[in-house]
Amino acid sequence: MSRIPIGIVVNGVTGRMGYRQHLVRSLLAIREQGGLQTANGDRIWPEPVLVGRSETKLSEIAARHGLSDWSTDLDAALARGDVQVYFDAQVTQQREKAIRAAIEAGKHVYTEKPLAEDLGSAVDLARAARQAGIKHGVVQDKLFLPGLRKLKRLVEGGFFGQLLSVRGEFGYWVFEGDWQEAQRPSWNYRLADGGGIVSDMFPHWQYVLEQIFAPVRSVQATIATHIPTRVDESGVPYEATADDAAYAVFELDGGIIAQINSSWTVRVYRDELVEFQVDGTHGSAVAGLRDCRIQHRAGTPRPVWNPDQPATERFRDQWQLVPDNEDFDNGFKVQWEAYLRHVVEDTPFPWDFAAGARGVQLAELALRSAQERCRIEVAELDL
Ligand SMILES: NC(=O)c1ccc[n+]([C@@H]2O[C@H](COP(=O)([O-])OP(=O)(O)OC[C@H]3O[C@@H](n4cnc5c(N)ncnc54)[C@H](O)[C@@H]3O)[C@@H](O)[C@H]2O)c1
């Protein structure tokens, strides 16, 4: 059985996502497990080519992980015959140009979300990728979180009966950067640099809603910049021009109503940083990143509203934990493995640029809805 080396340009590898989730937790983890076994017993072996702007940072990362291939010259990396895949984890604004160059160089492309800054560009990229006949994909990591996979299992098993509503609560406090360092990059808070919580999170909500429950048919959002001034990585105050919270209602196929709050200005009083409550005629579930709890209609209590009395029941105790029933690997890695099999073995990979474009579309429509203070229908994309 032979090893199948796959040269992968990892652009933006010095960033939070590029380094931790994609290089270390996915590509290097695949190597540590001895590669990725194909149907005929061969082993797909990622060969990362680290690309970025800083020689110092790239050489330091390479040395730390025993890698030798790095470059600050993207075009040269894309011209290499032993590179088959271009992966992009740069700041969103730099993405479109680089992906275009990769498509023109005939490489397969996998990218972080959002696919592009606006819908027009995302659609153009989806068409260009299709015309070039390359294999394309967009990160949709939340689908591979244990909590959400359990939710999907419940939907597929018919647990909910008729689905009624989904309520999502996402967020945590991101420090302003003055008396405590911010735990997210400052570009996230500047509109001109591609920031904003809607652009960041709504591509995730689009695929989570569509693929676990039903396609999104309309959106109505209210956004805010609650913290107007922040302090950047060098200690310099800047104006936060991008939205740091979004409060949205979505209508899904089948009359399901989804409501998701997304905020970097909320303190956590939940079990996890994101939680979805799903209510159906036959049962309800609350899922976080890892855990999922259910309450069947047969086990539903009968609370009676009486503010004169202290609560008579411990409502949280009336839910039942959904068992794991399988081993859950890192979500980014699971999707990388699916993408690499798609490239090498031509297995199906539904999370393509068309799916990525739908995520960009929802973010764009949500921002428009907020500006125009109205509900907006989500049209089918003509790709
Ligand atoms: N899937 C997820 O859950 C998830 C989570 C966070 C971020 N993201 C996405 O990943 C991408 C990177 O986000 P991040 O949080 O890792 O950001 P980051 O700021 O930590 O990293 C950005 C990377 O882009 C590089 N870069 C290239 N050109 C640049 C330029 N002109 N200015 C600044 N940096 C430049 C930086 O050197 C760095 O390597 C974004 O597109 C973001 O939307 C995805």
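**Notebook: ligand shell, pockets and odd backbone spots**

I began with the ligand and noted that helix 1 (16–32) and helix 7 (197–213) each supply at least two residues of the shell around it. The model is predicted, and I kept that in mind throughout.

**Ligand shell**

I listed the residues around the ligand and got 23. Thr14, Arg16, Thr92, Arg95 and Asp141 come nearest. I then sorted the shell by class: 8 residues are nonpolar, 7 are polar and 8 are charged.

Next I looked up polar contacts to oxygen atoms of the ligand. For threonine 14, I found an N or O atom of the side chain 2.7 Å from a ligand oxygen. For arginine 16, the partner is a backbone N or O atom, at 2.9 Å from an oxygen of the ligand. Lysine 142 uses a polar side-chain atom, which lies 2.9 Å from a ligand oxygen. I also checked how far the ligand is covered. Alone it exposes 840 Å², and the protein buries 83% of that.

**Second largest pocket**

I turned to the second largest pocket, which holds about 490 Å³ of space. Its lining has 22 residues. Which of them lie nearest the centre? I noted Asp271, Glu275, Gln277, Val286 and Arg316. I then asked which elements give two or more residues to this lining. They are strand 8 (163–171), strand 13 (257–263), strand 14 (274–280), strand 15 (283–287) and strand 16 (292–296). By class I counted 8 nonpolar, 5 polar and 9 charged residues in the lining.

**Cavity**

I searched the whole structure for cavities of 30 Å³ or more and found 1. The largest cavity has about 50 Å³ of space. Its lining includes Lys113, Pro114 and Leu115, along with Val138, Val139 and Gln140. Pro203, Gln206 and Tyr207 also line this cavity, as do Ala355, Gly356 and Gly359. Helix 7 and helix 9 (353–372) each give at least two residues to the lining. I sorted the lining into 7 nonpolar, 4 polar and 1 charged.

**Backbone exceptions**

Two of the cavity-lining residues, Lys113 and Pro114, made me check the peptide bond. A cis bond joins lysine 113 and proline 114, with omega at about -10°. Proline 114 sits in the loop between strand 6 and helix 5 (119–132).

I also noted aspartate 346, a residue other than glycine with a positive phi, near 65°. Where does aspartate 346 lie? I placed it in the loop between helix 8 and helix 9. I flagged both spots because most residues other than glycine have a negative phi, and most peptide bonds are trans.

**Aromatic pairs**

I counted aromatic pairs last and got 16. I picked out tyrosine 110 and tyrosine 339, which are stacked. Their centres are 4.7 Å apart, with 10° between the planes. That angle falls under the 30 degrees that count as stacked. Why did I single out this pair? Tyrosine 110 lies in strand 6 (residues 108–111) and tyrosine 339 in helix 8 (residues 331–345), so the pair ties together parts that are 229 residues apart in sequence.

Terms used. Residues are numbered from 1 along each chain as its sequence is written. This is a predicted model: local features need pLDDT of at least 70, side-chain atom pairs count only at pLDDT 80 or more; totals for chains, interfaces and linings use all residues. Side-chain values use heavy atoms; hydrogens and water are left out. On a 1 Å grid over the protein atoms alone, a cavity is a set of points where a 1.4 Å probe fits but cannot get out, and a pocket is an open set with protein on both sides within 12 Å along at least five of seven lines; lining residues have an atom within 4 Å of a point. Grid points are joined across faces, edges and corners, and a volume is the space filled by probe spheres set on the points. Helices (H or I, at least four residues) and strands (E, at least two) are DSSP runs, numbered from the N terminus. Ala, Val, Leu, Ile, Met, Phe, Trp, Tyr, Cys and Pro count as nonpolar, Asp, Glu, Lys and Arg as charged, and the others, Gly among them, as polar. A residue is near a molecule or strand if one of its heavy atoms lies within 4 Å of it. A polar contact is a pair of N or O atoms within 3.5 Å; within protein, one must be able to donate a hydrogen and the other to accept it, and residues adjacent in sequence count only if both atoms are side-chain atoms. Accessible areas come from the Shrake-Rupley method with a 1.4 Å probe; for residues, only the protein chains shown count as cover. Rings of Phe, Tyr and Trp (its six-membered ring) pair if their centres lie within 6.5 Å; planes under 30 degrees apart count as stacked, over 60 as edge-to-face and the rest as tilted.
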